[in-house]
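User: Please examine the model shown below and go through its features with me. I shall ask about its overall fold, its interior, its surface and its charged pairs.

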Amino acid sequence: MKNDLQMIMGADAIAKELGMSRKQVYGLVYRKILPAVKLGAIVAIRRSSLESWVASLEAQAA
């Protein structure tokens with residue numbers, strides 16, 4: 001069985017994917033704008049959720 005979660009672990013990794021700072025990622029998570037979860041002290045997001053979130057922002061801008 002394939003694991004489809006493909007999690008991006010940590011604010012630094014998420015920030016790198018989005019081309020923003022770690023502080024900006026924490027701000028988006030705190031304001032519940034970014035669909036991330038906290039796993040203990042680590043912020044994580046599914047790659048598919050991140051891609052869907054970015055696609056929805058692109059659709060809104062179009």
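Analyst: Contact means heavy atoms within 4.5 Å. The model is predicted. In these terms, the cover over the buried residues of helix 2 includes helix 1, strand 3 and helix 3.

User: In what order do the elements of the chain run from the N terminus on?

Analyst: The chain contains 3 helices and 3 strands. Read from the N terminus on, the order of these elements is β-α-α-β-β-α.

User: What radius of gyration does the chain have, and what does the globule rule give for 62 residues?

Analyst: Along its principal axes, the C-alpha trace spans about 35 × 30 × 20 Å. The chain is as compact as a globular protein of that length, because its radius of gyration is close to what the globule rule gives for 62 residues: the values are 12 Å and 11 Å, respectively.

User: Among contacts between residues at least 6 apart in sequence, what share joins residues at least 24 apart?

Analyst: One pair with such a separation is E17 and R47, which lie in helix 1 and helix 3 and are 30 residues apart in sequence. Among the contacts between residues at least 6 apart, the share that joins residues at least 24 apart is 50%.

User: Which residues of helix 2 are buried?

Analyst: Helix 2 comprises residues 22-30. A residue counts as buried when its relative accessible area is under 20%. R22, at 44% relative accessibility, is therefore partly exposed. The residues of helix 2 that are buried are V25, G27, L28 and V29.

User: Which elements each supply at least two residues of the largest nonpolar core?

Analyst: The largest nonpolar core holds 13 residues, and those with the most contacts inside it are I14, V25, V29, L34, A36, I45 and L50. The elements that each supply at least two residues of this core are helix 1, helix 2, strand 3 and helix 3.

User: Which residues does V29 contact, leaving aside its neighbours within four places in sequence?

Analyst: V29 is one of the residues with the most contacts inside the largest nonpolar core, as are L34 and A36. With neighbours within four places in sequence left aside, the residues that V29 contacts are L34, A36 and V43.

User: What accessible area does the nonpolar patch on the surface have?

Analyst: Strand 1 and strand 2 each supply at least two residues of the patch. I42, in strand 3, also belongs to the patch and is partly exposed at 40% relative accessible area. Together, the patch residues L5, M7, M9, V37, L39 and I42 have an accessible area of about 480 Å².

User: Which residues is M7 in contact with beyond its neighbours within four places in sequence?

Analyst: M7 lies in strand 1, residues 7-9, and is partly exposed with a relative accessible area of 31%. The C-alpha atoms of M7 and G27, 20 residues apart along the chain, are separated by 20 Å. Beyond its neighbours within four places in sequence, M7 is in contact with V37, A44, I45 and R46.

User: Which residue forms a salt bridge with R22?

Analyst: Side chains of opposite charge can pair when their charged atoms come close. The closest N and O atoms of the R22 pair are 3.0 Å apart. The pair links helix 2 with helix 1, across 10 residues of the chain. The partner of R22, partly exposed at 47% relative accessible area, is D12.

User: How far apart are N and O in the salt bridge of E17 and R47?

Analyst: The structure holds 2 salt bridges, one of them between E17 and R47. E17 is partly exposed at 43% relative accessibility, and R47 is partly exposed at 29%. The distance from N to O in this salt bridge is 3.1 Å.

User: Is K32 buried or exposed, and at what relative accessibility?

Analyst: K32 is found in the loop between helix 2 and strand 2. Most residues other than glycine have a negative phi. Phi of K32, by contrast, is positive and near 60°. Because residues over 50% relative accessible area count as exposed, K32 is classed as exposed, at 73%.

Key:
Residues are numbered from 1 along each chain as its sequence is written. This is a predicted model: local features need pLDDT of at least 70, side-chain atom pairs count only at pLDDT 80 or more; totals for chains, interfaces and linings use all residues. Side-chain values use heavy atoms; hydrogens and water are left out. A salt bridge is a side-chain nitrogen of Lys or Arg within 4 Å of a carboxyl oxygen of Asp or Glu. Helices (H or I, at least four residues) and strands (E, at least two) are DSSP runs, numbered from the N terminus. Buried means under 20% relative accessible area, exposed over 50%, partly exposed in between (1.4 Å probe, protein chains only). Patches are made of residues with over 30% relative accessible area and no salt bridge: like charges are joined within 9 Å, nonpolar side chains (Val, Leu, Ile, Met, Phe, Trp, Tyr) within 5 Å. Accessible areas come from the Shrake-Rupley method with a 1.4 Å probe; for residues, only the protein chains shown count as cover. A nonpolar core is a set of buried Ala, Val, Leu, Ile, Met, Phe, Trp, Tyr and Cys residues joined through side-chain atoms within 4.5 Å. The radius of gyration is taken over C-alpha atoms; the globule rule is 2.2 Å times the number of residues to the power 0.38.
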